[in-house]
Structures are given as structure tokens and as C-alpha cells.
Amino acid sequence: MRRAAVAVATTAMAVSLAACGSAKESDGGSDSSDSAAKKGDDIKVGLLLPENQTARYEKFDKPMIEKKVKELTNNKGEVVYANAKQDASLQNQQVDTMVTNKVDVMIIDAVDYKAIAGSVKKAHDAGIKVVAFDRLAEGPIDAYTSFDNVTVGKTQGEALLKALGDKAKDSQIVMMNGSSTDPNAAQFKEGAHSVLDGKVKIGREYDTKEWKPENANANMEAAISALGKDKIDGVYSANDGMAGGSITALKRAGIADIPVTGQDAELAGVQRIVTGEQYMSVFKSYPKEAETAAEMAVALAKGESLDSIANDKVDSATTKDVPAVIVPVVSLTKDNIKETVIKDGFYTIDEICTDKYKAACDKIGLK
């Protein structure tokens, strides 16, 4: 998968996806002028999310997308929701069901970006537009919104080097990457390596199946056994859930006070940052990403142009020049909790600073 790039083309695409041959030959959907007929506000949006273990999907993405669709359709638009619970085959079945039920557009966060390609083509062949959400699904997608994933990895890597300080060149770390079925994970890894390689020794590195904390925990136990508990100076973890699993293994082995990265600003991750167990997370504006996905979906369903929404273009392995919106990210540490997750309404101070964490919150001035 190639990184997002600012579009340089100024002319609209001359042909629609439907006029192209295979998905491999197709271009990204541009202004949706190939829609059979423009629709009003009475649209049906299929929302397919990948799993329910990571807090963001149920807590942020689903309600935010539902709210924005309602706002954009005068409360007439309907969101049909399905969660694949980390099962790629189930997600393909969910797409088939939505095709059968004739939704007007789908927002898909793919469990497996390659495995979803056939289902995306089925939707395309049925005249249903597809917005790839958070992960760049393969197949003839019409729009995409996510974060600059390489920048996410760089942000994590830079934070880890900052935490290690002058000792970085003599330090050894463990890298806990995400799932090999997620294209984002490959880009996080790419960004992290671009910063870490040559600056710190990477003792062990893992691609963590399904992003599961318990799998990260097992990987970390293997790393401790292989390297020795006194030979691990830091952990690159691609997200907060795996950071939690890794930290549990580190604590069990008596390893403390080493920097661990994360991503997603999950409540448990923020609380670990407050106590110092986790050094940082990557704060991503889910409201902006979710609202953008909803805006794209509604515009596509209505046969409207994406020109006023999408300023970037991305290429996948199968689809070129897909209209895209890439949302910025922020390094979240104990020093900017108020300016990030609290200011954006992710959590209140009371939610973060429960009795268990009150003393730690007081210590960093989080009151």
C-alpha cells in the first residue's frame, strides 16, 4: 500500500469504475457523477466495523458516524450497523447481506484489507459505493479516510527515543507491531523503523496476531525469556491494548520503569500514562475521522461530488487515485492530557482520575 499523496490532477476522471475491467485496473471513484440517479436525504448507510475489543469502535466511531449521518440528512438517513468481531469471513458475509438489503453506500473498516476485496467488488457491481474507513481496503473503493499511518509510527518511535535519551544508542528494545492482516500495521512499522533503525538495538520484533493484548503478552514473555529481564530498555507497542498486554508481562517479570509506547488514547492507556507505566500514546481525532467518513458516505449516496471534502489521493494495490482525507495525529503524554483527550471530550477528568488514579493525577496536576 502506498502512502497518501496530495492530488495533482485538476480534471475529473473521464470514466467510472463501472467502465473499468478488473479491480486491479480500476481508478478511485471521483465525483460520483456515474450514479444512476441522485437521491434525497432518505438514504441507507451500511457501517461495518472490524471488532469490539478496541474501545474506539463502539465508544467513538459508531455513535459519531450515526450522529453525523443524521445531521447531514435531516434525520432521514439510516445507519445499518454490523461488527465483524475480528472475523474476516463474517465481515464478508455482512457485506453480502448489506448488498442484498440494498444499502446505498457502505463504510467499511476491514478486518483483513486483502480478504475484503471480493466483497467490495460485489458492492461495486451492485452500484453501491464504498468508503474505506481507517484501513485502506483493497478492491474498487470510492473514498478513504484515515490518519497518516507512517507518521503515527514515526511519532511513536521519536517518543521512545526521547524517553531513552542519551542512553538510546546503548539500549535494546522489543517491537510489538500490529496484525499482519492490517495494512495500517505495516505502515506504523515502516514509520517506526525509519526513526529507530540505527539509533537503538531491536532485540526482538513481533507481528501480533489480531492485535490482541493476550497475544502481545505471550510475545513479550517470549522476548523476556530470550533476551533476559535485565536486557530490555523499552518497548515499541503499536497500540494501547498491546501496550497493556506487554506491561502485564513486564511487571510479572519484575521489569518496571521502562518506556512503552501506544496508540488510540484508550482510557486504560491514558491511566497508565498518568501512573507512568506507559510513556505515551498517539492521540487521533476520531471525531474528525468519523465525521469525514459520514460526509463522504452521504455525498456518495446522493451522487454528489467529493471535491469539497477530499483534498488528497491514495493508491492501494488494486485502486488508484482514491479521494482521501488524511487526519493529523498528536503524541499524547502526561504533559498534554488536558489539551488533547479532555479538551476534545474523549474523557472527563473524573473518568480518568478514579480513586485508584487520584494520587497519580494530583501529582501531574490533573485536577
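Me: How should I read a helix label in this predicted model, and where is isoleucine 342 placed?

Reply: A helix here is a DSSP run of at least four residues, and the runs are numbered from the N terminus. In this model, which is predicted, isoleucine 342 has its place in helix H10, residues 338-342.

Me: Which residues does isoleucine 342 touch, once those up to four places away in sequence are not counted?

Reply: Isoleucine 342 then touches Ile337, Tyr347, Ile349, Ile352 and Leu366. For one of these partners, isoleucine 352, there is also a backbone distance to consider: the C-alpha atoms of isoleucine 342 and isoleucine 352 are separated by 9.4 Å, and the two residues are 10 apart along the chain.

Me: What is the general idea behind a nonpolar core, and how many residues does the largest one have here?

Reply: In soluble globular proteins, nonpolar side chains tend to be buried together. In this structure the largest nonpolar core has 85 residues, and those with the most contacts inside it are Ile107, Leu196, Met220, Ile337, Val341 and Ile352. The element that gives the most to this core is helix H9 (residues 286-301), with 10 residues. A second core, separate from this one, has 21 residues and includes Ala82, Ala110, Val130 and Val322.

Me: What is methionine 220 in contact with, leaving aside its neighbours within four places in sequence?

Reply: Methionine 220 is in contact with Val174, Met176, Val235, Ser246, Ala249 and Leu250, once those sequence neighbours are left aside.

Me: How many cavities does a search of the whole structure find, and what lines the largest?

Reply: The search finds 2 cavities of 30 Å³ or more, and about 140 Å³ of space lies in the largest. Its lining is made up of 14 residues, of which Tyr57, Asp134, Arg135, Trp211 and Asp264 lie nearest the centre of the cavity. By residue class, the lining divides into 3 nonpolar, 4 polar and 7 charged, while helix H1 (55-72) and helix H5 (183-196) each supply at least two of the lining residues.

Me: Is asparagine 239 buried or exposed, and what surrounds it?

Reply: Asparagine 239 counts as buried because its relative accessible area is 5%, which falls under the 20% cut-off. Asparagine 239 is found in the loop between strand E9 (234-237) and helix H7 (240-252), and its side chain reaches the backbone nitrogen of glycine 241 at 3.4 Å. Not counting residues up to four places away in sequence, asparagine 239 touches Trp211, Thr261, Gly262, Gln263 and Asp264; Trp211 and Asp264 are also among the residues nearest the centre of the largest cavity.

Notes: Residues numbered from 1 in each chain as written. Predicted model: local features only at pLDDT ≥ 70, side-chain atom pairs only at ≥ 80, totals over all residues. Heavy atoms only, no water. 1 Å grid on protein atoms, 1.4 Å probe; cavity = no way out; pocket = protein on both sides within 12 Å on 5 of 7 lines; lining within 4 Å. Points joined across faces, edges and corners; volume = space filled by probe spheres on them. Nonpolar A, V, L, I, M, F, W, Y, C, P; charged D, E, K, R; others polar. Buried < 20%, exposed > 50% of the residue type's maximum accessible area, 1.4 Å probe, protein only. Polar contact = N/O pair within 3.5 Å; in protein donor to acceptor, adjacent residues only side chain to side chain. Contact = heavy atoms within 4.5 Å. Core = buried A, V, L, I, M, F, W, Y, C linked by side-chain atoms within 4.5 Å.
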